[in-house]
Amino acid sequence: MRKLFTRTTLFAALLLFLLLLFAGCAGMPVSQRESSVKSLLYELQQRDPQAAANLTHVPFLFDGEILTTERDAQLMWENLSASGFLSEAQLLTVAPADPAQYTRFADTAQVRVFFEHSLPDNSAFAEISTDYGRFLLLLSGKKIGYPIVVGVKGPLQ
């Protein structure tokens with residue numbers, strides 16, 4: 001009888017742990033989940049520039065400049081893809097982003113206004129390492145299960 005009680009207790013504890021783990025993940029936005037950001041990086045490495053552009057938010061913050069059309073975003077991905085920019089990208093950190101952190105991209109009025117008025121809810125900063133150096137991705141929301149890319153800055157000093 002004692003062995004049955006121990007197995008039942010162990011099973012209940014494991015079930016409770018799994019429920020708490022999944023409940024914690026369900027409440028965290030996709031853009032702030034490390035696993036989702038790693039999946040996004042993999043998808044961006046595998047996809048053609050048009051498909052990558054479909055995972056891009058417009059307006060888009062590109063190293064302090066604001067891209068305002070989908071065509072601009074597509075051209076950016078075409079150029080980044082041709083350079084092999086993300087071919088060996090590794091995720092370093094993911095952290096929530098808010099409008100007060102606009103200086104992580106640039107300390108300009110244009111970037112401040114972008115963060116105040118165009119920064120989507122549940123945004124996150126993802127720092128990545130590439131063959132070209134460390135870069136900062138600004139992510140938010142989700143599209144087909146992946147975070148949406150709102151901005152790219154780098155290489156970081």
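Below are a few exercises on this predicted model, each with a worked solution.

**Exercise 1. Get your bearings**

Work out which elements the protein has, how they are ordered, and how much of the chain is buried.

*Solution.* Start by counting elements: the protein has 5 helices and 6 strands. Next, walk along from the N terminus, and you read α-α-α-β-β-α-β-α-β-β-β. Now look at burial: 38% of the 157 residues count as buried. For the outside, the accessible surface is about 9,200 Å², and carbon and sulfur atoms account for 57% of that. Last, check how far apart in sequence the contacting residues sit. Taking contacts between residues at least 6 apart, 59% join residues at least 24 apart.

**Exercise 2. Find the inward face of α2**

Take helix α2 and decide how its buried residues are arranged around the axis.

*Solution.* First, place the helix: α2 covers residues 34-46, which makes 13 residues. From first C-alpha to last it reaches 19 Å, close to the 18 Å expected at 1.5 Å a residue. Second, list what is buried, namely S36, V37, L40, L41, E43 and L44. Third, look down the axis: these buried residues fall within an arc of 165 degrees, so they line one face of α2. The spacing rule helps here: an α-helix has 3.6 residues a turn, so residues three or four places apart point the same way. Finally, ask what that face meets. The buried residues of α2 pack against two helices, α3 (49-53) and α4 (70-83), and against the strands β3 (90-96), β4 (124-130), β5 (133-143) and β6 (146-153).

**Exercise 3. Do the same for α4**

Which residues of α4 are buried, and which are exposed on the other side?

*Solution.* Begin with the length: α4 has 14 residues and reaches 20 Å between its first and last C-alpha, close to the 20 Å expected at 1.5 Å a residue. The buried set is A73, Q74, M76, W77 and L80. Those residues cover an arc of only 160 degrees around the axis, which puts them on the same side of α4. Turn to the other side of α4 and you find N79 and A82 exposed. As for partners, the buried residues of α4 pack against α2, α3, β1 (56-62), β2 (65-67) and β6. One more thing to spot just after α4: G84 takes a positive phi of about 75 degrees.

**Exercise 4. Map the nonpolar cores**

Find the residues that touch the most other members of the largest nonpolar core, and say which element gives the most to it.

*Solution.* The background idea is that nonpolar side chains tend to be buried together in soluble globular proteins. In this model, the largest nonpolar core has 24 residues, and L44, W77, L86, I128 and V149 touch the most other members. Then see where the members come from: α2, α3, α4, β4, β5 and β6 each supply at least two residues of this core. Of the contributors, α2 gives the most, with 4 residues. Now zoom in on L86. Leaving out neighbours within four places in sequence, L86 contacts L41, L44, Q45, W77 and I128. There's also a second, separate core of 13 residues, with A106, V111, F114 and L119 among its members.

**Exercise 5. Compare the surroundings of three salt bridges**

For the pairs K38 and E34, R112 and E116, and E127 and R134, decide whether each partner is buried or partly exposed; buried means under 20% relative accessible area.

*Solution.* The structure holds 6 salt bridges, and these pairs are among them.

- **K38 and E34.** Their closest N and O atoms are 3.2 Å apart. The two residues sit 4 apart in α2, so about one helical turn separates them. K38 is partly exposed at 44%, and E34 is partly exposed at 49%.
- **R112 and E116.** The N to O distance is 3.4 Å. They are also 4 residues apart, this time in α5 (residues 109-117), and about one helical turn lies between them. R112, at 31%, is partly exposed, as is E116 at 43%.
- **E127 and R134.** Here the N to O distance is 2.2 Å. E127 comes out at 13% relative accessibility, so this residue counts as buried. R134, by contrast, is partly exposed at 32%.

Terms used: Residues numbered from 1 in each chain as written. Predicted model: local features only at pLDDT ≥ 70, side-chain atom pairs only at ≥ 80, totals over all residues. Heavy atoms only, no water. Buried < 20%, exposed > 50% of the residue type's maximum accessible area, 1.4 Å probe, protein only. Contact = heavy atoms within 4.5 Å. Areas by Shrake-Rupley, 256 points an atom, 1.4 Å probe, with all protein chains shown as cover. Expected span 1.5 Å × (residues − 1). Arc of directions from axis to C-beta. Salt bridge = Lys/Arg side-chain N within 4 Å of Asp/Glu carboxyl O. Core = buried A, V, L, I, M, F, W, Y, C linked by side-chain atoms within 4.5 Å.
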